[in-house]
Amino acid sequence: MRSAHLFVVVITVSGLWACRQGGSAGGETAATRSQPRASVAPDPSNDVAYVCPMDADIRSSNPGKCPRCGMALVAGIPDPTGFHLDLTVAPAAPKPNQQVQLTFEVFDPWKNNPVKKFSVVHEKLFHAFIVSRDLQFFLHDHPTWDGGVFHFNLKFPKPGMYRILGDFYPEAATPQLLPKTIFVAGPEAPAAPLTPDYSWKQAENLKVDFSITPAQPIAGSPAQMRFTLSPGDGIEKYLGAWGHMLVVSDDLIDMMHTHPFIADGRPEMQFNVVFPRPRMYRVWAQFQRSGVVNTAHFDVPVEAPEPATRN
């Protein structure tokens, strides 16, 4: 059946091409010219498809920008391939509240050559998300490109393990989300277990209300997280998107960076997430109002799916 539809489309396109070349090539008269023409469906075997490199479900027959994340749609995205991210820490054994320089270097997966060209993702070449093992410390910032590597300086507030998620886009490849781990010297206090927390949060200049559907998310199934911001005036895009979200499991294995599925500048937004495993997850959401970036977090319990029943 699919081949028959394709044959009809090819004939229709050929006929329209002939009509454009001459007045009578397709038997067109003044009477037929006045008749509305049927629209021609895109031919996936010949027409170029433009795809968002970050949200692959966003596709268009014309170039433009992704309505969800704002990235430029591109034609012919290559197959996903994992690059290598190296992290150097100076000093090598950092202490709490000591100035530390992080150096990120990216290598290709084919010959392990250093990557020197990157595409801009949400107005930056590199996004770094840094969280502590107890999930009390959160930072979203942007290393700077200098001398063929990315640099970032900071002071870790306390001893223990920190996870860093690097978000970058090598030119002519696909976006990368790669984690690294740092240990800061000193005794690490045990982390308190997370408990469900859907309560509203007061951020810098926004109150953030949260809800999730289903109320009890299931690992491997879609969940919709909805946010209502108040006051609702002055909501602005932050780094090219109406919002940013980082989702991290309580064991710091799963780390996901995503953007609103539904958002248009009004104070209600929806993010769609598939939690990969049954765990507790901390969700950080960031929104900008009147030039101020607001960060609020919520804790979501995710259950295992029910075992399949045998007939």
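Colleague: Which element gives the largest share of the lining of the largest cavity?

Modeller: That is strand β5, with three residues. Before we go on, this is a predicted model, in which local features need pLDDT of at least 70 and side-chain atom pairs count only at pLDDT 80 or more, while totals for chains, interfaces and linings use all residues. Residues are numbered from 1 along each chain as its sequence is written, and side-chain values use heavy atoms, leaving out hydrogens and water.

Colleague: What is a cavity, and how many of 30 Å³ or more does the search find?

Modeller: A cavity is a set of points on a 1 Å grid over the protein atoms alone where a 1.4 Å probe fits but cannot get out; its lining residues have an atom within 4 Å of a point. Points are joined across faces, edges and corners, and the volume is the space filled by probe spheres set on them. Here the search finds one cavity of 30 Å³ or more, and the largest holds about 30 Å³. Its lining includes F104, E105 and V106, along with W145 and F150. The elements giving two or more residues to this lining are β5 and β9 (149-155).

Colleague: How many helices and strands are there?

Modeller: Helices (H or I, at least four residues) and strands (E, at least two) are DSSP runs numbered from the N terminus. This protein has two helices and 20 strands.

Colleague: In what order do the strands of the sheet with β5 and β9 stand?

Modeller: Strands pair if DSSP finds at least two bridges between them. This open sheet of four strands reads β4-β5-β9-β8, with antiparallel pairing. At its edges are β4 and β8 (144-146), each pairing on one side only. From one strand to the next, the twist averages 30 degrees (axes are lines fitted to C-alpha atoms, and angles run from 0 to 180 degrees between N-to-C directions). Seven bridges link β4 to β5 (residues 99-107), and D86 has E105 in β5 as its bridge partner. Between β8 and β9 there are three bridges; T144 is partnered by H151 in β9.

Colleague: Which residues of β4 lie on its covered face?

Modeller: In β4 (residues 84-90), L85, L87 and V89 are on the covered face, whereas H84, D86, T88 and A90 are on the uncovered one.

Colleague: Which strands stand at the edges of the β7-β6-β10-β11 sheet?

Modeller: This is also an open sheet of four strands with antiparallel pairing. Its edge strands are β7 (138-141) and β11 (176-184); each has a single partner strand, so one side of each is left without a neighbour in the sheet. Its twist averages 15 degrees from one strand to the next. Nine bridges join β10 (residues 160-168) to β11, and L165 stands opposite P179 in β11.

Colleague: Let's try a single residue. Is D197 buried or exposed?

Modeller: Buried means under 20% relative accessible area, exposed over 50%, and partly exposed in between (1.4 Å probe, protein chains only). D197 counts as buried because its relative accessibility is 18%. You will find D197 in the loop between β11 and β12 (201-202). Leaving aside neighbours within four places in sequence, D197 is in contact (heavy atoms within 4.5 Å) with F298 and D299. D197 and H297 are 100 residues apart in sequence, but 8.8 Å apart in space, C-alpha to C-alpha.

Colleague: And what percentage of the whole protein is buried?

Modeller: Of its 311 residues, 41% are buried.

Note on methods: On a 1 Å grid over the protein atoms alone, a cavity is a set of points where a 1.4 Å probe fits but cannot get out, and a pocket is an open set with protein on both sides within 12 Å along at least five of seven lines; lining residues have an atom within 4 Å of a point.
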